[in-house]
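This report reads one protein chain from its overall make-up down to a single strand and its neighbours. Please keep the sequence and the 3D view at hand while reading.

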Amino acid sequence: GSEPCRTGEREMGGAGSRAGHEQQLLGRQVDSGASQPGDLAFFAPGGQTAHHVGSVTSRGCMIHAPETGRRSAEEPLRAARLDTLSGAGRLTRTPG
């Protein structure tokens, strides 16, 4: 996860975890076909736990850090990335 995502999670009542599989447990799970801008997309190869997270910007696009050390970038969801899509989540503000 990136710092903007962790900051958003903290604002929404989450712990601000950096681990993708922990971020996937936050918020409400949504059907990946119904994801909206701001939702998180989770990626895990071969049924493993989520290891990569992107933030949906529009249908078929997300912003993410493609590799360690590279700047975040908005990119289309290519077939190779879609093959590892394991779910989507929507952060919801906790009462408080």
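What follows treats the whole chain and then strand β3 with its pairing partners.

The model is predicted, and its protein chain holds three helices and six strands, which follow one another along the sequence in the pattern α-α-β-β-β-β-β-α-β. Of the 96 residues in the protein chain, 30% are buried, while the accessible surface comes to about 5900 Å², with 50% of that area belonging to carbon and sulfur atoms. When contacts between residues at least 6 apart in sequence are taken, 42% of them join residues at least 24 apart.

Where in this chain does strand β3 lie, and how many of its residues are buried? Strand β3 spans residues 52-58 and is mostly covered, since five of its seven residues count as buried. Strand β3 pairs with strand β2, residues 40-43, and is also joined to strand β4, residues 61-64; the table sets out the two pairings.

| Strands | Sense | Bridges |
|---|---|---|
| β2 and β3 | antiparallel | four bridges |
| β3 and β4 | antiparallel | three bridges |

Individual residues help to locate these pairings in the 3D view. On the β2 side, Ala 41 stands opposite Gly 54 of β3, whereas on the β4 side the bridge partner of Val 56 is Met 62. Strands β3 and β4 form a hairpin with two residues between the strands, and in this hairpin Gly 60 takes a positive phi near 80 degrees. As background for viewing such strands, side chains in a regular strand alternate between the two faces of the sheet.

How values were computed:
Residues are numbered from 1 along each chain as its sequence is written. This is a predicted model: local features need pLDDT of at least 70, side-chain atom pairs count only at pLDDT 80 or more; totals for chains, interfaces and linings use all residues. Side-chain values use heavy atoms; hydrogens and water are left out. Buried means under 20% relative accessible area, exposed over 50%, partly exposed in between (1.4 Å probe, protein chains only). Contact means heavy atoms within 4.5 Å. Accessible areas come from the Shrake-Rupley method with a 1.4 Å probe; for residues, only the protein chains shown count as cover. Two strands pair if DSSP finds at least two bridges between them.
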